[in-house]
Amino acid sequence: MNIKNVTIAGSGVLGYQIAFQTAFHGFNVTVYDINDEVLEKAKSRFNTLSEAYKTDLNATQEQLDQTFKNLSYTSDLKEAVKDADLVIESVPENPSIKIDFYKKLAAVAPQKTIFASNSSTMLPSKFAESTGRPTKFAALHFANEIWKHNTAEIMGHPGTDPEVFDTLVAFAKSIGMVALPLQKEQPGYIVNSLLVPLLGAALDLLVRGVADVQTIDKTWMVATGAPTGPFAILDVVGITTAYNINKMEAEKTGDSGKQQVVNYLKENFIDKGKLGVASGEGFYTYPNPSFKKADFLK
Ligand SMILES: NC(=O)c1ccc[n+]([C@@H]2O[C@H](COP(=O)([O-])OP(=O)(O)OC[C@H]3O[C@@H](n4cnc5c(N)ncnc54)[C@H](O)[C@@H]3O)[C@@H](O)[C@H]2O)c1
C-alpha cells in the first residue's frame with residue numbers, strides 16, 4: 001500500500017508535531033482540527049518548531065520552506081480526508097471523543113484510507129468497530145518531541161490486516177522514526193510498560209524515606225550507565241502527568257502507598273506550581289539541573 005497523502009486529525013501537543021515531521025519527510029499533509037482558530041494556533045507553532053529542526057536536526061531553510069509547502073489546513077473533515085491514504089488520529093485522550101470522531105471519519109473517508117490512533121493509553125480494539133474498517137486500523141504511537149525522541153510504536157488489534165500493519169511500519173521509518181512493532185496489544189505499549197513501573201518505584205523509595213532524590217537518580221545512572229535518573233525523567237514527563245497516573249492507580253487499587261505518593265506530589269509540587277522542566281522547577285531546577293553537573297556522580 002502506497003502512502004502519499006496523510007491527514008493528521010487533532011493539531012494539539014502531539015498532532016502538530018506529527019504533521020510537521022511527516023511534511024518534513026516529503027508527504028502531502030492535511031492538518032484537521034475542530035475549527036479554524038485552533039488551526040491558526042497550530043500554524044503559528046510550526047514556526048517555533050522549525051527553529052528546533054534547525055538546531056536539533058541541522059535542517060536547511062530550503063527543507064523547511066518545502067515542509068511548509070507540504071502542509072495544508074482545514075476544519076472540514078470530508079475535505080480533510082478526501083484523498084487520504086492515511087489518517088493519524090491525535091484527538092484528546094477521551095474515549096467518547098475518539099469514538100465519536102471515528103464514526104464521523106468512517107462516514108466520509110474513502111475505502112482505501114488506513115486509520116491509525118496515537119492514543120497513549122487506550123487499546124486499538126476499543127475503537128476498531130467504530131472505525132467501520134477494523135482491518136485497516138491500528139495504533140501508531142509517537143513520543144513527545146517526536147523529531148528527537150523518534151520512537152514509533154506500531155500495535156495492531158487482533159483484526160488488523162498484516163499488510164496494513166507492515167505499511168504502518170514502513171511509513172514510520174519513512175518519516176524518520178525508529179519503528180517498534182508490537183506483536184500483540186499491550187496497555188502502555190513497550191515504552192510505558194517499562195517506564196511507569198520504574199518511575200513508580202522511584203517515587204515509592206522517596207516517599208517511604210529510603211533515599212533522597214539525588215541518591216536514587218545517582219544510583220540508576222551509575223549502575224546502568226543511563227544519562228538521567230527517574231526523577232529527571234519525571235521532570236521531563238511533567239509532574240501533572242505523574243500525579244494523574246498515580247491518582248488513577250490509587251483510586252483503582254486502594255493502595256495506601258500510592259495514595260501517599262499522590263499526597264506528596266500534590267503538596268510539594270502541584271500546589272506550588274512546580275511542574276517539572278516546563279515550569280522551570282520540579283525535582284530539579286532548570287535550565288541547569290544539578291544532575292548535569294560534572295561532580296553529580298562522585
Ligand atoms: N501529549 C503527549 O505527550 C502525548 C504523547 C503521545 C501520545 N499522545 C496522544 O496523542 C493524543 C492527543 O494528545 P495531545 O496531548 O496532543 O492532546 P491535546 O489536547 O494537546 O490536542 C488535542 C487536539 O485535538 C483537537 N480536537 C478535539 N476534538 C476533536 C475532534 N473531534 N476532531 C479533531 N480534533 C479534535 C483539539 O482541538 C486539540 O487541538 C492523545 O490520544 C494522547 O494520548 C500524547
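The paragraphs below go from the domains to the ligand, then to a pocket and to two points of backbone geometry.

The model is a predicted one, in which local features need pLDDT of at least 70 and side-chain atom pairs count only at pLDDT 80 or more, while totals for chains, interfaces and linings use all residues. Residues are numbered from 1 along each chain as its sequence is written, and side-chain values use heavy atoms, with hydrogens and water left out.

The protein is divided into domain 1 (5–181) and domain 2 (193–291), with bounds that come from an automatic or database domain assignment. Taken over C-alpha atoms, the centres of the two domains are separated by 30 Å.

Around the ligand stand 22 residues, of which Leu14, Asp33, Glu93, Lys98 and Ser120 come nearest; a residue belongs here if one of its heavy atoms lies within 4 Å of the molecule. By class, this shell has 10 nonpolar, nine polar and three charged residues, where Ala, Val, Leu, Ile, Met, Phe, Trp, Tyr, Cys and Pro count as nonpolar, Asp, Glu, Lys and Arg as charged, and the others, Gly among them, as polar. Helix H5 gives the most to the shell, with three residues; helices (H or I, at least four residues) and strands (E, at least two) are DSSP runs, numbered from the N terminus.

Oxygen atoms of the ligand have N or O atoms of the protein at short listed distances: a polar side-chain atom of Asn118 lies 3.0 Å from one ligand oxygen, a backbone N or O atom of Gly12 lies 3.3 Å from a ligand oxygen, and a backbone N or O atom of Val91 lies 3.5 Å from a ligand oxygen. Of the 830 Å² of accessible area that the ligand has on its own, the protein covers 76%, as given by the Shrake-Rupley method with a 1.4 Å probe.

Val91 also appears in the second largest pocket, which is lined by 14 residues, with Tyr32, Ile34, Val91, Ile97 and Phe101 nearest its centre. A pocket is an open set of points on a 1 Å grid over the protein atoms alone, where a 1.4 Å probe fits, with protein on both sides within 12 Å along at least five of seven lines, and lining residues have an atom within 4 Å of a point. Helix H5 (residues 95–108) supplies the largest share of this lining, four residues, and the lining divides into seven nonpolar, four polar and three charged residues.

Most residues other than glycine have a negative phi, and most peptide bonds are trans. Asn58, in the loop between helix H2 (36–57) and helix H3 (61–69), has a positive phi of about 55° although it is not a glycine. A cis peptide bond with omega about 20° joins Tyr286 and Pro287, and Pro287 lies in the segment after helix H11 (256–270).

Note on methods:
A polar contact is a pair of N or O atoms within 3.5 Å; within protein, one must be able to donate a hydrogen and the other to accept it, and residues adjacent in sequence count only if both atoms are side-chain atoms.
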